[in-house]
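The following report describes selected features of a structural model for the bench biochemist. The sequence and the coordinates are shown first.

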Amino acid sequence: MQKTTVLFVDDDPSCLAAIRRLLLPMRRYWDLHFAGSGREALQFLRHNPCDVIVTDMKMPEMDGATLLNKTIEIQPDMVRIMLSGHSEKQRIMDAIGPMHQFLAKPCPAEKLISTINRTVALRRIVKNEKLKGVVSKLESIPSLPELYTELSAEINSPDASLSRVAKIVARDPGMTAKILQIINSAYFGLPKRVQNIQQAVNLLGMEIISALVLNTQIFSEFKIRDSKTFSSESLWQHNINVALTAKAIAGEAGCSRDVQDQAFMGGMLHDVGKLILQTTFRDEYDEVILAAAEAETSLWQAELQYFDASHTEVGAYLLGLWGLSDEIIEIVAYHHLPGYGYNTDFNALTAVHIANSLDAEVNKIYPLVRSCGLDKEYLDSLSIDSEYERWQQIYQQVTGNEYSGEAKNPHR
Ligand SMILES: [Fe+2]
Ligand SMILES: [Fe+2]
C-alpha cells in the first residue's frame, strides 16, 4: 500500500525530536518529514507532494495559520492539522477552514496517529477515482444550505445560545413550519404540542434542530421523484427512525451527549447518497433496484456494480465537500461496513449501523430488495452480542413501530 507522507512543522527542535520518537512505529506506513519553520515547510511542499501537514501555531516569522493558508495554493488537497493550545481552538478553526483538524497540545501519540489515519482514509474515499464518473453526471452539486451554515457557526461558537439558534431558524417561515410539523408528529412522542421554534430548541437541543434543518433542506434541494420502486416519504421516514433509534441506542450504551447527537445527525444523513443517485440517474436507478432484487443482493452492492460507487461513498463525498465533521462523514461512508471505521469501541457509527438494520427490516423503502443485516463480526469485536433484544425494544419505543421483521438475532 502507498505510504502516507506527513510533514511536521515546529520551531522547537525538541518538539520535533519528541514527535519523531513517538512516531517511530509508524515508519512502515508513513514517510515522515520535519521542518523548523513555515518558510522551510513551504519550500519542501513546492517540490514534494504530501498527504498531511501537522503544524504548531506559535512560530516566529510565520505562524501556523498563515502557513496552512499558504499551503492551500501549493497543495490544496493536503490534510491540514494544527497542534496548539485549546484556548485558541475557535480562532484557529476559522483560520484553517472546514474539513481539517485541530489537535490540542500535548497530544498523545495514539490520538495523533488515529487522527491522521482517519482523515487520510476519508479523503481517499471522497477522492476515489471511480466516484468521478458519478459526480461528473451531477448537473450541479448543491451548495451547503445557507441556513445550516449559519446554524452551525452559532452552535460552534464559544458562547452559543439556544435563543439565537431559535432566531436563526425562525427567520425562515417555511422551514419553521416544517420543523414544527416534524417535531409535533408522532415520531418525537412529545407530551405537549410545541408552538414555536424557541420551545423546540429548548426541548430537543440545538444539534437536533440543526440536523432536522439540514435534512429538510436536502430533501427540498434534491427534487426527488417517486417511482414505481420508491417513495421519498419512506426514505424520509427511514432517516428519522434511524436517527431517533441510533441516538437512543447510543444513550443506552453510555455514550456521551456529543456522541448521541452525532448518532442523530449521522442517522438523518446516512442515506443522502441515495437521494443523489436517485435524482441523477432516475430510470437507471430503478434498474439497479430491480437488479438487486433479482440477484438477491443488497442495494449498495448492486449500486457498486452499476455505478462503480455506492450511495455510501457518494454521500460521504457530498458531505466532505460541505465540510461536515469527519465523524459524520465516517458514519455515511461506513454505515454498511462499520468495521472500516476508526473507533474500536461503541460509537455513533455502531449505533447508526444497528438502527439502520433494525428499521430496514420493518420500514422497507425498497420492498423488492433484501434488507442488509447486521455485521456480526464487527459486533462480536465490540463484545456487545447480548443486546439484540434490547435494541429491538428501543426501536419499538422510539418509532412506535411493531418490530415484526423476520430479523434473526445474528448471534443465534
Ligand atoms: Fe444505506
Ligand atoms: Fe439506510
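Helix α9 passes helix α11 in a right-handed crossing; a crossing is right-handed if the near helix is turned clockwise from the far one by less than a right angle, and left-handed if anticlockwise. The contact is made by Met 175, Lys 178, Ile 179 and Ile 182 of α9, together with Ile 209, Leu 212, Val 213 and Thr 216 of α11 (two residues are in contact if their C-beta atoms, placed from the backbone, lie within 7 Å). By class, six of these residues are nonpolar, one is polar and one is charged. In this classification Ala, Val, Leu, Ile, Met, Phe, Trp, Tyr, Cys and Pro are nonpolar, Asp, Glu, Lys and Arg are charged, and the others, Gly among them, are polar. Two packed helices are described by the angle between their axes and the distance between the axes. For α9 (residues 173-183) and α11 (residues 206-221), the angle is about 115° and the axes are 10 Å apart. Axes are lines fitted to C-alpha atoms, for helices over the stretch in contact, and angles run from 0 to 180 degrees between N-to-C directions. Helices (H or I, at least four residues) and strands (E, at least two) are DSSP runs, numbered from the N terminus.

The model is predicted: local features need pLDDT of at least 70, side-chain atom pairs count only at pLDDT 80 or more, and totals for chains, interfaces and linings use all residues. Residues are numbered from 1 along each chain as its sequence is written, while chains are lettered from A and ligands numbered from 1 in the order in which they are written.

An open sheet is formed by five strands in the order β2-β1-β3-β4-β5, with parallel pairing (two strands pair if DSSP finds at least two bridges between them). Strands β2 (30-35) and β5 (101-104) are at the edges with a single partner strand each, so one side of each has no neighbour in the sheet. From one strand to the next, the twist averages 20°. Six bridges link β1 (residues 4-9) to β2 in the parallel sense, and Val 9 stands opposite Ala 35 in β2. Helix α1 (residues 13-22) lies across β1, β2 and β3 (52-56), and runs at about 170° to β2.

Several loops carry backbone features of note. Pro 106, in the loop between β5 and α5 (109-126), is joined to Lys 105 by a cis peptide bond with omega of about -10°. Glu 61 has a positive phi of about 70° although it is not a glycine, and Asp 308, also not a glycine, has a positive phi near 70°.

A residue is buried if 20 or more other C-beta atoms lie within 10 Å of its own, exposed if 12 or fewer, and partly exposed in between. The table applies this to three loop residues.

| Residue | Loop | Other C-beta atoms within 10 Å | Class |
|---|---|---|---|
| Glu 61 | between β3 and α3 (64-74) | 10 atoms | exposed |
| Asp 308 | between α16 (299-307) and α17 (311-321) | 15 atoms | partly exposed |
| Ser 298 | between α15 (283-295) and α16 | 19 atoms | partly exposed |

Within α16, Leu 299, Trp 300, Ala 302, Glu 303 and Phe 307 are buried. They cover an arc of only 155° around the axis, which puts them on the same side of α16; the arc is that of the directions from the helix axis to the C-beta atoms.

Ser 298 and Val 369 are 71 residues apart in sequence and 6.6 Å apart in space, C-alpha to C-alpha. Not counting residues up to four places away in sequence, Ser 298 touches Ala 292, Val 369, Arg 370 and Cys 372.
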